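Please read the points below alongside the coordinates. They deal with the pockets first and then with the packing of the interior.

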Amino acid sequence: MFAWLKSLWSTNTPILSEIDIMKKFLIVGLGNIGEKYHNTRHNIGFKILDRLAEEEGLHFEDAKLGAITTFKFKGKSALCLKPSTFMNLSGKAVRYWMEKENIALDNVLVITDDINLPFGTIRLKGKGSDGGHNGLKDIQNTLQTATYNRFRFGVGADFSKGRQVDYVLGEWNGEESSKLPERLEKSTALIRSFMFAGTKNTMNQFNGT
């Protein structure tokens, strides 16, 4: 345990023991750190990873540029990351952990909220625009590519003109909160499918469900 904790801050020592690069994954949940953001729509990436950790009996540990944990699924290994850089600077954390763990771009999955999708809709894509999302925009600028896997979780757009920021930084309403557990369970199933079955098969199975 001590060696693992020490490796969290080492610039050279990988955390994932897997040697085969195609069996290593980086799962990134976007959000903002701090208790006041904990239950906001913008933090759905953190919330999904917290649910995954709960299902797997894992705990996140503070590390460089974020909180991390690891798990294995059907012979594949994943490092889960909740960046501590705040949403608008997410790319720095993504690039650091990709390089430290030698994870291929094809095996990176970024989880984010999306106001362009109805609440609870889940959609996986292998590439695309940032859609006006500052976290995705920074990742794209940092990695210098828009060809990376992103898992968009719909939060809806029930806000008036000029109130988008208040909406995404607002907390889930009662109806949303009652439906979230089932949506979170579906989301963690998507992550496991992405690792085992790949992007295209997972898109076919989960998109729009």
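1. Helices and strands in this note are DSSP runs numbered from the N terminus, a helix having at least four residues and a strand at least two. On that numbering, α5 contributes three residues to the lining of the largest pocket, the most of any element. The model is a predicted one.

2. The largest pocket encloses about 350 Å³ of space. Its lining consists of 18 residues, and H42, H133, N134, Q164 and V168 are the closest to the centre. Two elements give two or more residues to this lining, namely β5 (108-114) and α5 (164-168).

3. What is the make-up by class of the lining of the largest pocket? Nine of its residues are polar, five are nonpolar and four are charged.

4. For the second largest pocket the volume is about 200 Å³. There are 15 lining residues, with I33, G34, F46, A67 and K82 the closest to the pocket centre. At least two lining residues come from each of α2 (44-56), β2 (61-63) and β3 (66-73). Sorted by class, the lining of the second largest pocket has six polar, five nonpolar and four charged residues.

5. Turning to the interior, the largest nonpolar core is made up of 31 residues. Within this core, I27, I48, L49, F151, F153 and I191 have the most contacts. Helix α6 (residues 174-197) supplies six residues, which is the largest share of the core. Another core lies apart from it and has 23 residues, including L16, L30, M87 and M98.

6. Which residues does F151 touch, once those up to four places away in sequence are set aside? The list is I48, L109, V110, I111, T112, I122, R123, L124, S187 and L190. I48, one of these partners, is itself among the residues with the most contacts inside the largest nonpolar core.

7. T188 belongs to helix α6. Is T188 buried or exposed? T188 counts as buried because its relative accessible area is 1%, and the cut-off for that label is under 20%. Beyond its neighbours within four places in sequence, T188 is in contact with I48, R51, L52 and E55. I48 therefore appears in the contact lists of both F151 and T188, with contact meaning heavy atoms within 4.5 Å.

Notes. Residues numbered from 1 in each chain as written. Predicted model: local features only at pLDDT ≥ 70, side-chain atom pairs only at ≥ 80, totals over all residues. Heavy atoms only, no water. 1 Å grid on protein atoms, 1.4 Å probe; cavity = no way out; pocket = protein on both sides within 12 Å on 5 of 7 lines; lining within 4 Å. Points joined across faces, edges and corners; volume = space filled by probe spheres on them. Nonpolar A, V, L, I, M, F, W, Y, C, P; charged D, E, K, R; others polar. Core = buried A, V, L, I, M, F, W, Y, C linked by side-chain atoms within 4.5 Å. Buried < 20%, exposed > 50% of the residue type's maximum accessible area, 1.4 Å probe, protein only.
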